Amino acid sequence: MWKRGSVELAENYKLGVCVSPPIKRNETGYRIGDSHHNARLTDHEIELARQLRAEGMPVGEVARKFDISKGYASKILRYINRL
């Protein structure tokens, strides 16, 4: 797994291995998911937020937990943003 500042990243850098995370793109070539420059949450955080909501956590509480607005949380949880 790629993580900024990780030991694995430092070792790969020393070996000259490409250490950049893969850039996700849609069929038209635009960046999507956590590769997009405006992404506020990682794909893992999106999955976690949806899982918490499925377990019954209110939208407002999910929003507070991830430090995002209630409206943005609602859009994520209803699959309007970050499909």
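**Exercise 1.** In this predicted model, determine which residues are in contact with Leu52 once its neighbours within four places in sequence are left aside.

*Solution.* Begin at Leu52 and set aside the neighbours within four places in sequence; the residues then in contact with Leu52 are Met57, Val62, Lys65 and Phe66. Next, place this residue in its wider setting: Leu52 is among the residues with the most contacts inside the largest nonpolar core, and Val62 and Phe66 are listed there as well.

**Exercise 2.** Establish how many residues the largest nonpolar core has, and which helix supplies the largest share of this core.

*Solution.* The core has 13 residues, and those with the most contacts inside it include, besides the three already named, Leu41, Ala49, Ile68 and Ile76. Turning to the helices, α2 (43-54), α3 (59-66) and α4 (70-77) each supply at least two residues of this core, and the largest share, 4 residues, comes from α4. As general background, nonpolar side chains in soluble globular proteins tend to be buried together.

**Exercise 3.** For Asp67 and Tyr79, find the value of phi, and then decide where each residue lies and whether Asp67 is buried or exposed.

*Solution.* The background is that most residues other than glycine have a negative phi. Asp67, which is not a glycine, nevertheless has a positive phi of about 55°; its place is in the loop between α3 and α4, and with a relative accessible area of 73% it is exposed, the cut-off for that class being over 50%. Tyr79 likewise has a positive phi, near 60°, and lies in the segment after α4, where its relative accessibility of 48% makes Tyr79 partly exposed.

Terms used:
Residues numbered from 1 in each chain as written. Predicted model: local features only at pLDDT ≥ 70, side-chain atom pairs only at ≥ 80, totals over all residues. Heavy atoms only, no water. Core = buried A, V, L, I, M, F, W, Y, C linked by side-chain atoms within 4.5 Å. Buried < 20%, exposed > 50% of the residue type's maximum accessible area, 1.4 Å probe, protein only. Contact = heavy atoms within 4.5 Å.
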